[in-house]
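Trainee: Please take a close look with me at a single part of this model, and set it within the chain as a whole before turning to individual residues.

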Amino acid sequence: MIPEKPKRKNNNRRAWTSGEDERLLQLIISNVSVIDIAAELGRTVRGVSARAYALQIALGRSRFRVKPK
């Protein structure tokens, strides 16, 4: 008997709209953290980072929220 392939998690990706792309660019220019951008756009941090990379927009390290000491 041939073993079954492991089932992949259902990927419910939503396509990015041009409005979301523009909002993403505005938020990045405003130096908003990636966590806050993701929350505002209803996306994951990885999704926001991947989209910025696809649009060739540099996020930079300073855009990640740092916990105060």
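Mentor: Contact here means that heavy atoms lie within 4.5 Å. With that in hand, residues 24 or more positions apart account for 60% of those contacts in the chain that have a separation of 6 or more. The model is predicted, so to speak with care of local features I require a pLDDT of at least 70, and side-chain atom pairs count only at pLDDT 80 or more, while totals for chains, interfaces and linings use all residues. Residues are numbered from 1 along each chain as its sequence is written, and side-chain values use heavy atoms, with hydrogens and water left out.

The chain has three helices and zero strands (helices are DSSP runs of H or I with at least four residues, strands runs of E with at least two, numbered from the N terminus), and from the N terminus on its elements run α-α-α. Of the 69 residues, 25% are buried, where buried means under 20% relative accessible area, exposed over 50%, and partly exposed in between, with a 1.4 Å probe and protein chains only.

The part I would single out is helix H2, residues 34-41, whose buried residues are Val 34, Ile 37, Ala 38 and Leu 41. Seen down the axis of H2, these buried residues fall within an arc of 100 degrees, and therefore they line one face of the helix; the arc is taken over the directions from the helix axis to the C-beta atoms. The buried residues of H2 pack against two partners, helix H1 (18-29) and helix H3 (45-54).

Ala 38, which belongs to helix H2, shows the packing in detail. Its relative accessible area is 4%, and so Ala 38 counts as buried. Leaving aside neighbours within four places in sequence, Ala 38 is in contact with Arg 43, Thr 44, Val 45 and Val 48. For Val 48, which is ten residues from Ala 38 in sequence, the C-alpha to C-alpha distance is 6.1 Å.

What do the two ends of H2 look like in terms of the backbone at Gly 42 and Asn 31? Just after H2, Gly 42 takes a positive phi of about 70 degrees. On the other side, the loop between H1 and H2 holds Asn 31, whose phi is near 65 degrees, a positive value in a residue other than glycine. Most residues other than glycine have a negative phi. Asn 31 has a relative accessible area of 43% and is therefore partly exposed.

A useful companion to Ala 38 is Ala 52, which sits in helix H3. Ala 52 is buried, because its relative accessible area is 0%. Not counting residues up to four places away in sequence, Ala 52 touches Leu 24, Ile 28, Ile 57 and Leu 59. Ile 28 lies 24 residues from Ala 52 along the chain, and the C-alpha atoms of these two residues are separated by 9.0 Å.

Beyond helix H3, the segment after it contains Gln 56, which, although not a glycine, has a positive phi of about 60 degrees. Gln 56 has a relative accessibility of 75% and so counts as exposed. To return to the part we began with, the buried face of H2 is made by Val 34, Ile 37, Ala 38 and Leu 41, and these residues pack against H1 and H3.
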